Amino acid sequence: MFELPKCTACERHHFYPRLVCPHCGADTLQWQPASGHGVVYSTTVVRRPNGGDYNVALVDLAEGPRLMTRVEDIAPEAVVIGLPVRARVVQQDGAPLLVFVPESAS
(Lines give C-alpha, C1' and ligand atoms only; values in the text may rest on other atoms or scores of the structure.)
Protein backbone atom coordinates (compact mmCIF):
# COMPACT_ATOMS: atom_id res chain seq x y z
CA MET A 1 0.00 0.00 0.00
CA PHE A 2 1.56 3.32 1.03
CA GLU A 3 3.19 4.82 4.10
CA LEU A 4 2.94 8.07 6.04
CA PRO A 5 5.45 9.77 8.33
CA LYS A 6 4.59 9.38 12.01
CA CYS A 7 6.20 11.14 14.95
CA THR A 8 7.34 8.76 17.67
CA ALA A 9 7.17 11.57 20.26
CA CYS A 10 3.54 12.71 19.83
CA GLU A 11 2.32 9.65 17.86
CA ARG A 12 0.71 11.78 15.12
CA HIS A 13 0.90 11.26 11.37
CA HIS A 14 1.54 14.10 8.95
CA PHE A 15 1.75 14.74 5.25
CA TYR A 16 3.75 16.01 3.39
CA PRO A 17 7.07 14.53 4.63
CA ARG A 18 9.23 16.88 6.70
CA LEU A 19 12.42 16.69 8.74
CA VAL A 20 10.63 17.59 11.99
CA CYS A 21 7.11 16.93 13.25
CA PRO A 22 4.78 19.85 12.42
CA HIS A 23 2.76 19.07 15.56
CA CYS A 24 5.43 18.96 18.29
CA GLY A 25 8.77 19.78 16.62
CA ALA A 26 10.43 16.44 17.40
CA ASP A 27 12.80 14.93 14.86
CA THR A 28 11.99 11.30 15.70
CA LEU A 29 9.94 10.37 12.64
CA GLN A 30 9.23 6.94 11.18
CA TRP A 31 7.41 5.80 8.08
CA GLN A 32 4.34 3.73 9.01
CA PRO A 33 1.89 1.81 6.78
CA ALA A 34 -1.36 3.71 6.28
CA SER A 35 -4.74 2.02 6.62
CA GLY A 36 -5.81 3.32 3.23
CA HIS A 37 -9.17 4.50 4.56
CA GLY A 38 -10.40 8.04 4.08
CA VAL A 39 -13.36 10.35 3.52
CA VAL A 40 -13.80 12.93 0.77
CA TYR A 41 -13.47 16.41 2.30
CA SER A 42 -13.89 18.40 -0.91
CA THR A 43 -14.21 17.66 -4.62
CA THR A 44 -14.46 19.34 -7.99
CA VAL A 45 -14.81 18.17 -11.58
CA VAL A 46 -12.20 19.17 -14.13
CA ARG A 47 -13.90 19.47 -17.53
CA ARG A 48 -11.96 18.87 -20.72
CA PRO A 49 -13.19 20.19 -24.09
CA ASN A 50 -12.73 16.79 -25.73
CA GLY A 51 -14.12 14.70 -22.86
CA GLY A 52 -12.17 12.71 -20.34
CA ASP A 53 -13.48 14.74 -17.39
CA TYR A 54 -12.02 13.80 -14.02
CA ASN A 55 -12.35 14.86 -10.41
CA VAL A 56 -9.83 16.36 -8.02
CA ALA A 57 -10.55 15.68 -4.36
CA LEU A 58 -9.19 16.43 -0.93
CA VAL A 59 -9.34 13.27 1.18
CA ASP A 60 -9.07 13.16 4.96
CA LEU A 61 -7.15 10.01 5.83
CA ALA A 62 -8.13 7.93 8.86
CA GLU A 63 -4.68 8.74 10.31
CA GLY A 64 -5.40 12.49 10.21
CA PRO A 65 -3.60 14.07 7.24
CA ARG A 66 -5.51 15.51 4.29
CA LEU A 67 -4.16 15.08 0.78
CA MET A 68 -5.05 16.00 -2.79
CA THR A 69 -5.89 13.09 -5.07
CA ARG A 70 -8.56 11.82 -7.40
CA VAL A 71 -11.34 9.29 -6.92
CA GLU A 72 -11.67 6.64 -9.63
CA ASP A 73 -14.20 3.91 -10.52
CA ILE A 74 -17.05 6.44 -10.19
CA ALA A 75 -18.33 9.24 -12.42
CA PRO A 76 -16.52 12.50 -11.54
CA GLU A 77 -19.78 14.29 -10.71
CA ALA A 78 -20.84 11.40 -8.42
CA VAL A 79 -17.97 12.01 -5.99
CA VAL A 80 -19.52 13.80 -3.00
CA ILE A 81 -18.32 15.24 0.28
CA GLY A 82 -18.41 12.56 2.99
CA LEU A 83 -17.93 9.65 0.56
CA PRO A 84 -15.93 6.86 2.27
CA VAL A 85 -12.97 5.91 0.07
CA ARG A 86 -10.10 3.44 0.05
CA ALA A 87 -6.59 3.93 -1.34
CA ARG A 88 -5.30 2.17 -4.41
CA VAL A 89 -1.87 2.47 -6.02
CA VAL A 90 -2.03 2.46 -9.83
CA GLN A 91 0.57 2.84 -12.53
CA GLN A 92 0.47 6.03 -14.60
CA ASP A 93 3.13 6.80 -17.17
CA GLY A 94 5.29 4.05 -15.69
CA ALA A 95 5.20 5.44 -12.14
CA PRO A 96 3.08 4.59 -9.09
CA LEU A 97 0.23 6.98 -8.32
CA LEU A 98 -1.97 7.02 -5.21
CA VAL A 99 -5.67 7.32 -6.05
CA PHE A 100 -8.84 6.44 -4.18
CA VAL A 101 -11.95 4.42 -5.00
CA PRO A 102 -15.31 4.38 -3.23
CA GLU A 103 -15.18 2.09 -0.21
CA SER A 104 -18.01 0.02 -1.69
CA ALA A 105 -15.94 -0.64 -4.84
CA SER A 106 -12.77 -1.86 -3.10
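The exercises below, each with a worked solution, concern a predicted model of a protein chain.

**Exercise 1. The overall build**

Determine how many helices and strands the chain contains, and describe its extent and surface.

*Solution.* Begin with the secondary structure: the chain has 0 helices and 7 strands. Following the sequence gives the pattern β-β-β-β-β-β-β. Next, consider the dimensions: the C-alpha trace spans about 50 × 30 × 25 Å along its principal axes. The accessible surface is about 6300 Å², and carbon and sulfur atoms contribute 53% of that area. Of the 106 residues, 28% are buried. Finally, turn to the contacts with a separation of 6 or more: 42% of them link residues 24 or more positions apart.

**Exercise 2. The largest pocket**

Identify which residues line the largest pocket, and sort the lining by class.

*Solution.* The volume of the largest pocket is about 210 Å³. Its lining consists of Phe 2, Glu 3, Phe 15, Pro 17, Trp 31, Leu 67, Met 68, Thr 69, Arg 70, Leu 97, Leu 98 and Val 99. Sorting by class yields 9 nonpolar, 1 polar and 2 charged residues. As for the strands, E5 (66-69) and E7 (95-102) each supply at least two residues of this lining.

**Exercise 3. Salt bridges and exposure**

State how many salt bridges a search of the whole structure finds. Then examine the pairs formed by Asp 60 with Arg 66, by Arg 70 with Glu 72, and by Arg 47 with Asp 53, and decide whether each partner is buried, partly exposed or exposed.

*Solution.* The search finds 6 salt bridges. To classify the partners, recall that buried means under 20% relative accessible area and exposed over 50%, with partly exposed in between.

1. Asp 60 and Arg 66 meet through their side chains at 2.6 Å, N to O. Asp 60 has a relative accessibility of 24% and is therefore partly exposed. Arg 66, at 38%, is likewise partly exposed.
2. In the salt bridge between Arg 70 and Glu 72, the closest N and O atoms are 2.8 Å apart. Arg 70 is partly exposed at 24%, and Glu 72 is partly exposed at 22%. Salt bridges with shared partners also join Arg 47, Asp 53 and Glu 77 into one network.
3. Within that network, the side chains of Arg 47 and Asp 53 form a salt bridge of 2.9 Å, N to O. Arg 47 has a relative accessible area of 53%, so this residue is exposed. Asp 53, at 29%, counts as partly exposed.

Terms used: Residues are numbered from 1 along each chain as its sequence is written. This is a predicted model: local features need pLDDT of at least 70, side-chain atom pairs count only at pLDDT 80 or more; totals for chains, interfaces and linings use all residues. Side-chain values use heavy atoms; hydrogens and water are left out. On a 1 Å grid over the protein atoms alone, a cavity is a set of points where a 1.4 Å probe fits but cannot get out, and a pocket is an open set with protein on both sides within 12 Å along at least five of seven lines; lining residues have an atom within 4 Å of a point. Grid points are joined across faces, edges and corners, and a volume is the space filled by probe spheres set on the points. Helices (H or I, at least four residues) and strands (E, at least two) are DSSP runs, numbered from the N terminus. Ala, Val, Leu, Ile, Met, Phe, Trp, Tyr, Cys and Pro count as nonpolar, Asp, Glu, Lys and Arg as charged, and the others, Gly among them, as polar. A salt bridge is a side-chain nitrogen of Lys or Arg within 4 Å of a carboxyl oxygen of Asp or Glu. Buried means under 20% relative accessible area, exposed over 50%, partly exposed in between (1.4 Å probe, protein chains only). Contact means heavy atoms within 4.5 Å. Accessible areas come from the Shrake-Rupley method with a 1.4 Å probe; for residues, only the protein chains shown count as cover.
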